[in-house]
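Subject: Handover of a structural model

Dear colleague,

Please find below the structure that I am handing over to you. The findings follow directly after it, beginning with the pocket and continuing with the sheet and a number of individual residues.

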Amino acid sequence: EGMQFTYAGDSAFPDHIFESGAGAYKVMSAYGEDWFGAVVAHDSGTYRTVGVSFEFAGLVDGSGDNTKVELMSRLLTWLGL
């Protein structure tokens, strides 16, 4: 929550991915457009998955906690790793 990044990766137009079904939700939007996801997650209660539609390394670290390392840490923690 509250994280914001600029993007400098090779793909200027990430795929539009949508959350679907119970336990699915959008984690991150792109370009300030809230109608589609750039990162979505699903928690079935038995397992968890995360889908990302852009080159993760293309995220540009910002200030404070707005870093790729912090984002990956949060994702891995949520996945239980």
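A pocket, as the word is used here, is an open set of points on a 1 Å grid with protein on both sides within 12 Å along at least five of seven lines. Please note that the model is predicted.

The pocket

In the largest pocket there is about 680 Å³ of space. Its lining is made up of 23 residues, and the closest to the centre are Met3, Phe5, Val27, Met28 and Ser29. Three elements give two or more residues to this lining: strand S1 (6-7), strand S2 (24-28) and helix H1 (68-79). Helix H1 supplies the largest share, with 4 residues. Sorted by class, the lining of the largest pocket holds 16 nonpolar, 5 polar and 2 charged residues.

The sheet

Strand S2 also takes part in an open sheet of 3 strands, whose order is S2-S3-S4 and whose pairing is antiparallel. S2 and strand S4 (48-52) form the edges, as each of them pairs on one side only. On average, neighbouring strands of this sheet are turned by 25 degrees against each other, direction ignored. Helix H1 packs on the sheet and touches S2, S3 and S4; the direction of H1 makes about 150 degrees with that of S4.

As general background, strands of a sheet pair through backbone hydrogen bonds, in either a parallel or an antiparallel manner. Here, S2 and strand S3 (residues 39-43) are paired in the antiparallel sense over 4 bridges. Within this pairing, lysine 26 has valine 40 in S3 as its bridge partner, and alanine 24 stands opposite histidine 42 in S3.

On the other side of the pairing scheme, S3 and S4 run antiparallel and are joined by 5 bridges. Histidine 42 stands opposite threonine 49 in S4, while alanine 41 stands opposite valine 50 in S4. The hairpin of S3 and S4 has 4 residues between the strands, and glycine 45 in this hairpin takes a positive phi near 95 degrees.

How far is S3 enclosed by the rest of the structure? Of the 5 residues of S3, 4 are buried, so the strand is largely enclosed. The cut-off behind this statement is that buried means under 20% relative accessible area.

Individual residues

Tryptophan 78 is located in helix H1. Leaving aside residues up to four places away in sequence, tryptophan 78 touches Tyr25, Ala41, His42, Asp43, Arg48, Thr49 and Val50. Tryptophan 78 and alanine 41 are 37 residues apart along the chain, and their C-alpha atoms are separated by 9.8 Å.

Arginine 48 belongs to strand S4 and, at 36% relative accessibility, counts as partly exposed. With residues up to four places away in sequence not counted, arginine 48 touches His42, Asp43, Trp78 and Leu79. Between arginine 48 and alanine 12 there are 28 Å in space, C-alpha to C-alpha, and the two are 36 residues apart in sequence.

Glycine 51 is likewise placed in strand S4. Its relative accessible area is 25%, so glycine 51 is partly exposed. Not counting residues up to four places away in sequence, the contacts of glycine 51 are Ile17, Ala38, Val39 and Val40. The C-alpha atoms of glycine 51 and leucine 79 are separated by 12 Å, with the two residues 28 apart along the chain.

Is serine 53 buried or exposed? Serine 53 has a relative accessible area of 14% and is therefore buried. This residue lies in the loop between S4 and strand S5 (59-60). Serine 53 touches Pro14, Asp15, Ile17, Gly37 and Ala38, where residues up to four places away in sequence are again not counted.

In summary, the two points I would place at the head of the handover are the largest pocket, with about 680 Å³ of space, and the antiparallel sheet of order S2-S3-S4, on which helix H1 packs.

With kind regards

Notes
Residues numbered from 1 in each chain as written. Predicted model: local features only at pLDDT ≥ 70, side-chain atom pairs only at ≥ 80, totals over all residues. Heavy atoms only, no water. 1 Å grid on protein atoms, 1.4 Å probe; cavity = no way out; pocket = protein on both sides within 12 Å on 5 of 7 lines; lining within 4 Å. Points joined across faces, edges and corners; volume = space filled by probe spheres on them. Nonpolar A, V, L, I, M, F, W, Y, C, P; charged D, E, K, R; others polar. Pairing = 2+ DSSP bridges. Axes fitted to C-alpha atoms, helices over the stretch in contact; angles between N-to-C directions. Contact = heavy atoms within 4.5 Å. Buried < 20%, exposed > 50% of the residue type's maximum accessible area, 1.4 Å probe, protein only.
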